[in-house]
Amino acid sequence: MTDFDPTQHRMITAQRWFEDFVVGERFVLPSRTQTTAVFAAFQTASGDTHPVHYDVEYCRSRGMPHLLAHGFQTLIHTAPGAGLFPFMVEDSLVGFLEQSSRFLKPVFADDTIYPALEVTELVPGRTTGAVTLRSTVFNQRKELVLEGMQKFLIRKRPAG
């Protein structure tokens with residue numbers, strides 16, 4: 001007989017509830033170099049076949065140094081599941097409510113991007129609360145290339 005319990009097989013054992021979040025708290029996501037393989041994977045997933053994203057000579061003939069990343073290709077790297085946030089709220093997450101983003105500077109093949117999420121607002125309700133995260137992506141030149149917002153509905157800690 002084994003003591004293994006699959007319900008205890010978690011990335012983070014201590015679960016968090018709405019009351020546990022603090023404005024200013026940051027969740028760093030893994031940095032990623034935008035290789036041509038990432039471009040090809042995004043093309044396959046998105047179905048976007050415009051040559052600005054997949055034809056380096058097309059890009060160079062238009063004054064770009066390399067393939068230009070689709071804005072959504074940059075945005076996907078802000079997915080909270082790339083970091084620890086969703087593992088912290090496995091028991092308390094009700095849902096993903098909203099997302100917005102602005103694309104501030106181009107991202108090219110071979111750029112390395114650094115995404116992060118930061119708690120900017122906590123709006124309590126009766127049994128849940130809305131946690132707003134500012135999403136940012138910087139490149140290797142320390143330029144902000146994307147900023148946005150994601151909002152999640154999180155349960156308050158159960159009474160007892």
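Contact here means heavy atoms within 4.5 Å. With that in hand, the structure, which is a predicted model, can be read outward from a single threonine. Leaving aside neighbours within four places in sequence, T78 is in contact with L29, P115, L117, S135, T136, V137, L146 and Q150. T78 itself sits in the loop that runs between α3 (71-75) and α4 (85-88). Its relative accessibility is 2%, and the cut-off for buried is under 20%, so T78 counts as buried. The side chain of T78 also finds a polar partner, reaching the backbone oxygen of L75 at 2.7 Å.

The strands make a natural next stop. Strand β5 (residues 128-139) is largely enclosed by the rest of the structure, because 10 of its 12 residues are buried. On one hand, β5 is joined to strand β4 (residues 112-124) by 11 bridges, and the two run antiparallel. Within this pairing, V119 stands opposite L133 in β5. The connection from β4 to β5 is a hairpin that passes through 3 residues. On the other hand, β5 pairs with β6 over 11 bridges, again in the antiparallel sense. Here T128 is the residue that stands opposite R155 in β6. The hairpin of β5 and β6 has 4 residues between the strands, and in it K142 takes a positive phi near 65°.

Strand β4 has further partners towards the start of the chain. With β1, β4 forms an antiparallel pairing over 3 bridges, in which V28 stands opposite A116 in β4. Strand β2 (residues 32-33) also pairs with β4 in the antiparallel sense, in this case over 2 bridges. In that pairing, R32 is placed opposite I113 in β4.

A record adds some context for this part of the chain. An unreviewed UniProt entry carries the annotation "domain: MaoC-like" for residues 24-135. Over residues 24-135, the chain is 22% helix and 33% strand, while the end C-alpha atoms are 12 Å apart.

Charged pairs complete the picture. Side chains of opposite charge can pair when their charged atoms come close. The structure holds 10 salt bridges, and a few of them are worth walking through. One of them forms between E90 and R10, whose closest N and O atoms are 3.7 Å apart. This pair links distant parts of the chain, with E90 in the loop between α4 and β3 (93-103), R10 in the segment before β1 (26-28), and the two positions 80 residues apart. As for exposure, E90 counts as partly exposed because its relative accessibility is 40%. R10 falls in the partly exposed class as well, with a relative accessibility of 27%.

A more local example is found in helix α2 (residues 56-60), where R60 and E57 both lie, 3 residues apart, about one turn of the helix. The side chains of R60 and E57 meet in a salt bridge at 3.2 Å, N to O. At 44% relative accessibility, R60 is partly exposed. E57 is likewise partly exposed, its relative accessible area being 49%.

Another salt bridge brings the discussion back to the strands. R102 forms a salt bridge with E147, and the closest N and O atoms of this pair are 2.9 Å apart. The pair links distant parts of the chain, since R102 belongs to strand β3 and E147 to strand β6 (residues 144-155), 45 residues apart. Finally, salt bridges that share partners join R10, E90 and D91 into one network.

Methods:
Residues are numbered from 1 along each chain as its sequence is written. This is a predicted model: local features need pLDDT of at least 70, side-chain atom pairs count only at pLDDT 80 or more; totals for chains, interfaces and linings use all residues. Side-chain values use heavy atoms; hydrogens and water are left out. Buried means under 20% relative accessible area, exposed over 50%, partly exposed in between (1.4 Å probe, protein chains only). A polar contact is a pair of N or O atoms within 3.5 Å; within protein, one must be able to donate a hydrogen and the other to accept it, and residues adjacent in sequence count only if both atoms are side-chain atoms. UniProt positions are given in the numbering used here, feature names are shortened, and annotations may be inferred rather than shown by experiment. A salt bridge is a side-chain nitrogen of Lys or Arg within 4 Å of a carboxyl oxygen of Asp or Glu. Two strands pair if DSSP finds at least two bridges between them.
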